[in-house]
Amino acid sequence: WLVAPPVVLSTVRGCRLKAPTECGPNPRLLLFALGNPNSSAPDEPPVPASIRRAGAKTVAEYKAGRTVAFQSGCLACHRIASSGNKGPGPNLTHVGTHLTTGEIERALKRPRAPMPSFRNLPPRKFRELVRFLALLR
């Protein structure tokens, strides 16, 4: 794992990060969260002016997808505007101008290593993530 501060790692099913050998042979999930774990408002990328001008529906789609991206750990390896890390993944600030919706879907389902696949996200969350990335222009 390549993780830069201020990343907070937490696990599910009682696995403690201070003693990874206590996780057992099959830990189920490792979650990444950027920002202060004691903060009520995470450091999510702000809503760009172009999205705000597009109207309430687009702002809602952007925010829903931004939350999925944030909760899925995208910002541990990618940068969006001033949020996230500078690598090892590419900057996603304008990914919607470079890739079509179909190309974004394919990249999320069949990524190149070391990026994980997102094909197992619940369908609604996957659609929200794809829409969010497509809106990044």
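**Close-up views of a predicted model**

**View 1. Glu128, a charged residue tucked into a helix contact.** Let us start with Glu128, which is found in helix α5. This is a predicted model, so please read each view with that in mind. Is Glu128 buried or exposed? With a relative accessible area of 18%, Glu128 is buried, because the cut-off for buried is under 20%. Which residues does Glu128 touch, once its neighbours within four places in sequence are set aside? They are Ala64, Gly65 and Val68, and these three also appear on the α2 side of the meeting between α2 and α5.

**View 2. Where α2 meets α5.** A general point helps here: two packed helices are described by the angle between their axes and the distance between the axes. For α2 and α5, the axes come within 7 Å and cross at roughly 110°. The two helices are therefore roughly perpendicular to each other, because angles of 65 to 115 degrees fall in that class. From α2, the residues taking part are Thr58, Glu61, Tyr62, Ala64, Gly65, Arg66, Val68, Ala69 and Gln71. From α5, they meet Lys125, Glu128, Leu129, Arg131, Phe132 and Leu135. How do the residues of this contact divide by class? Seven are nonpolar, three are polar and five are charged.

**View 3. Where α4 meets α5.** Move over to α4, and you will find another crossing with α5. Here the axes come within 9 Å and cross at roughly 125°. That makes α4 oblique to α5, because the angle lies outside the 65 to 115 degrees counted as roughly perpendicular and is not over 145. The crossing of α4 past α5 is right-handed. On the α4 side, the contact is made by Thr101, Ile104, Glu105, Leu108 and Lys109. Their partners on α5 are Phe126, Leu129, Val130, Leu133 and Ala134. By class, this contact has seven nonpolar residues, one polar residue and two charged ones. Leu129 takes part here and also in the meeting of α5 with α2.

**View 4. The largest nonpolar core.** How many residues does the largest nonpolar core have? The answer is 24. Those with the most contacts inside this core are Tyr62, Leu108, Phe118, Leu129, Phe132, Leu133 and Leu136. Helices α2 (56-71), α4 (101-109) and α5 (123-135) each supply at least two residues of the core. The largest share, seven residues, comes from α5. Several names will be familiar from the earlier views: Tyr62 and Phe132 belong to the α2 and α5 contact, while Leu108 and Leu133 belong to the contact of α4 with α5.

**View 5. Ala81 and Ser83, with residues further along the chain.** Ala81 is found in the loop between β3 (79-80) and β4. Although it is not a glycine, Ala81 has a positive phi of about 55°. A relative accessible area of 39% makes Ala81 partly exposed. The C-alpha atom of Ala81 is separated by 8.7 Å from that of His94, 13 residues apart along the chain. Ser83 is found in strand β4 (residues 83-84). Is Ser83 buried or exposed? At 8% relative accessibility, Ser83 counts as buried. Ser83 and Thr93 are ten residues apart along the chain, with their C-alpha atoms separated by 9.5 Å.

**View 6. Cis peptide bonds before Pro88 and Pro114.** Gly87 and Pro88 are joined by a cis peptide bond with omega of about 15°. Pro88 has its place in the loop between β4 and α3 (95-98). Another cis peptide bond joins Ala113 and Pro114, where omega is about 10°. Where does Pro114 lie? Look for Pro114 in the loop between α4 and α5, the helices that cross in View 3.

**View 7. The whole chain, for orientation.** Stepping back, the protein chain has five helices and four strands. Read along the sequence, they follow the pattern β-β-α-α-β-β-α-α-α. Of the 137 residues in the chain, 32% are buried. Among contacts with a separation of 6 or more, 53% involve residues 24 or more positions apart.

Conventions
Residues are numbered from 1 along each chain as its sequence is written. This is a predicted model: local features need pLDDT of at least 70, side-chain atom pairs count only at pLDDT 80 or more; totals for chains, interfaces and linings use all residues. Side-chain values use heavy atoms; hydrogens and water are left out. A nonpolar core is a set of buried Ala, Val, Leu, Ile, Met, Phe, Trp, Tyr and Cys residues joined through side-chain atoms within 4.5 Å. Buried means under 20% relative accessible area, exposed over 50%, partly exposed in between (1.4 Å probe, protein chains only). Axes are lines fitted to C-alpha atoms, for helices over the stretch in contact, and angles run from 0 to 180 degrees between N-to-C directions. Angles under 35 degrees count as roughly parallel, over 145 as roughly antiparallel, 65 to 115 as roughly perpendicular and the rest as oblique. A crossing is left-handed if the near helix is turned anticlockwise from the far one by less than a right angle, and right-handed if clockwise. Contact means heavy atoms within 4.5 Å. Ala, Val, Leu, Ile, Met, Phe, Trp, Tyr, Cys and Pro count as nonpolar, Asp, Glu, Lys and Arg as charged, and the others, Gly among them, as polar.
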